[in-house]
Structures are given as C-alpha cells and as structure tokens.
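Please open the model in your viewer and keep the sequence panel visible. The tour below proceeds from selection to selection.

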Amino acid sequence: DDKKSFDRIPSWTLVLGEGYPVQGVVDQEWQELTGRAVVNWTPKLDFTDQTLLYASYAHGYKGGGANPPGVIEVPSFAAGIPVTSPSNQTHPLTFKPEFNDAFELGTKNTLLDGAMTFNADVFYYKYRSYQISQIVDRTSINLNFDATVRGAEVESTWEPVPGLRFNFAGGY
C-alpha cells in the first residue's frame with residue numbers, strides 16, 4: 001500500500017502579503033503486489049566441485065508521484081503584462097508508478113578443489129512506465145517511458161597458489 005499527498009505550490013512565486021499560493025493538493029494511492037520466485041538446482045557434475053543453476057522471476061514496483069508545478073501567472077514588473085513560465089505547458093502534474101518484470105538465468109561454480117570460481121548469468125528486464133528525471137525550467141520533473149534491458153555477466157577468480165589471485169569480470 002502506497003499513499004502520497006503533495007501541496008501544489010508554484011515555483012518562483014511569492015505573492016506579497018499572501019506568501020506562496022497553494023494551487024491545490026494532489027492525493028495519490030496505489031495497492032500493488034510484488035515478489036520474487038527462484039528455482040535452484042545443484043547437479044553433481046564430474047568437472048566441477050560444486051555447481052548451482054538457477055532461474056528467477058521478480059515483479060517489482062516503484063510508486064509514482066507529483067512533479068513540481070510550473071509558475072503561475074504573475075504581473076511582469078517591466079511591462080505590466082501577465083507572464084507564465086513555459087513549464088505550465090510542459091510539466092505533467094503527476095507521473096505513473098513504475099513496474100518491472102525481471103527474468104534471470106545463471107550458474108555459480110567452484111572448480112579445481114576450490115581454487116577457481118566461475119559465475120555467469122543472463123537477464124532481461126521489461127519496464128512499464130520507467131521513471132526518468134529530466135531538468136525543465138530549472139527544476140527536475142519525472143516522465144514515464146516503457147523500456148527493456150538485456151544483458152549478461154560473467155565473473156571468475158583463480159588462485160593457483162596461496163596469495164596469488166587472478167580476477168576477471170565482464171558484462172554486456
């Protein structure tokens with residue numbers, strides 16, 4: 001359960017005798033279920049001391065929120081005409097919650113009587129309404145986009161003699 005409440009106070013605005021004008025309140029509420037499931041298997045293989053194979057699925061959630069409002073119309077001291085910040089047209093009032101479905105397959109291995117480890121995995125993340133911050137009108141606003149991330153990682157250590165260790169790690 002996630003609840004958020006924001007007072008909408010425009011930036012760069014101070015009304016003499018009144019302070020900062022509150023333009024309203026943004027109330028948001030979400031109820032989401034998240035979790036992770038993992039399957040592990042430890043087969044007995046002739047070429048490793050110990051092997052773990054795993055697969056996982058996770059469903060994640062990150063709450064949405066409210067963006068800072070733009071400037072309201074205020075009298076211009078130079079020309080006496082009302083002016084507004086472009087942010088009134090470009091700032092979305094709120095941004096959506098972010099969801100991620102994450103899939104991973106991997107292995108962890110010990111070899112050579114414990115002198116070597118070798119781990120590797122591949123992953124795929126599918127985001128819905130991924131939250132990206134952007135600077136607009138000298139303030140940070142959040143926008144939502146759909147996105148996918150794919151990759152692989154590998155890491156290994158080898159200690160041929162005590163006190164001498166080689167490490168390797170890489171990712172794509």
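**Overview of the chain**

From the N terminus on, the elements of the protein chain follow the order β-β-β-β-β-β-β-α-β-β-β-β-β. The secondary structure thus comprises one helix and 12 strands. Please note that this is a predicted model. With the whole chain selected, the 172 residues include 27% that are buried. The accessible surface comes to about 11900 Å², and carbon and sulfur atoms account for 57% of that area. Of the contacts between residues at least 6 apart in sequence, 57% join residues at least 24 apart.

**First selection: the hairpin of strands 11 and 12**

Select residues 139–161, strand 11, together with strand 12; the two pair in the antiparallel sense over seven bridges. They form a hairpin with two residues between them. In the turn, Gly163 has a positive phi of about 95°. To inspect an individual bridge, select Glu153 and its partner in strand 12, Gly171.

Now restrict the selection to residues 164–171, strand 12. Is this strand largely in the open or buried? Of its eight residues, the number buried is zero, so strand 12 lies largely in the open.

**Second selection: a nonpolar surface patch**

Display the side chains of Leu112, Trp158, Val161, Leu164 and Phe166, which form a nonpolar patch on the surface. Together these residues have about 470 Å² of accessible area. Strand 11 and strand 12 each supply at least two residues of the patch. Phe166 is found in strand 12. Its relative accessibility is 44%, and Phe166 therefore counts as partly exposed, between the limits of 20% and 50%.

**Third selection: aromatic rings**

Next, display the aromatic side chains. A pair of aromatic rings is described by the distance of the centres and the angle of the planes. The count comes to seven aromatic pairs. One of them joins Phe103 and Tyr124 in a tilted arrangement, with 6.3 Å centre to centre and 35° between the planes. This pair links distant parts of the chain: Phe103 is in strand 9 (residues 98–111) and Tyr124 in strand 10 (residues 116–136), 21 residues apart.

Are the two rings' residues buried, exposed or partly exposed? Phe103 counts as partly exposed at 40% relative accessibility, and Tyr124 is also partly exposed, with a relative accessible area of 29%.

For the final stop, select Phe123, Tyr125, Tyr127 and Tyr130, which form one aromatic cluster.

Definitions and conventions:
Residues are numbered from 1 along each chain as its sequence is written. This is a predicted model: local features need pLDDT of at least 70, side-chain atom pairs count only at pLDDT 80 or more; totals for chains, interfaces and linings use all residues. Side-chain values use heavy atoms; hydrogens and water are left out. Buried means under 20% relative accessible area, exposed over 50%, partly exposed in between (1.4 Å probe, protein chains only). Helices (H or I, at least four residues) and strands (E, at least two) are DSSP runs, numbered from the N terminus. Two strands pair if DSSP finds at least two bridges between them. Rings of Phe, Tyr and Trp (its six-membered ring) pair if their centres lie within 6.5 Å; planes under 30 degrees apart count as stacked, over 60 as edge-to-face and the rest as tilted. Contact means heavy atoms within 4.5 Å. Accessible areas come from the Shrake-Rupley method with a 1.4 Å probe; for residues, only the protein chains shown count as cover. Patches are made of residues with over 30% relative accessible area and no salt bridge: like charges are joined within 9 Å, nonpolar side chains (Val, Leu, Ile, Met, Phe, Trp, Tyr) within 5 Å. A salt bridge is a side-chain nitrogen of Lys or Arg within 4 Å of a carboxyl oxygen of Asp or Glu.
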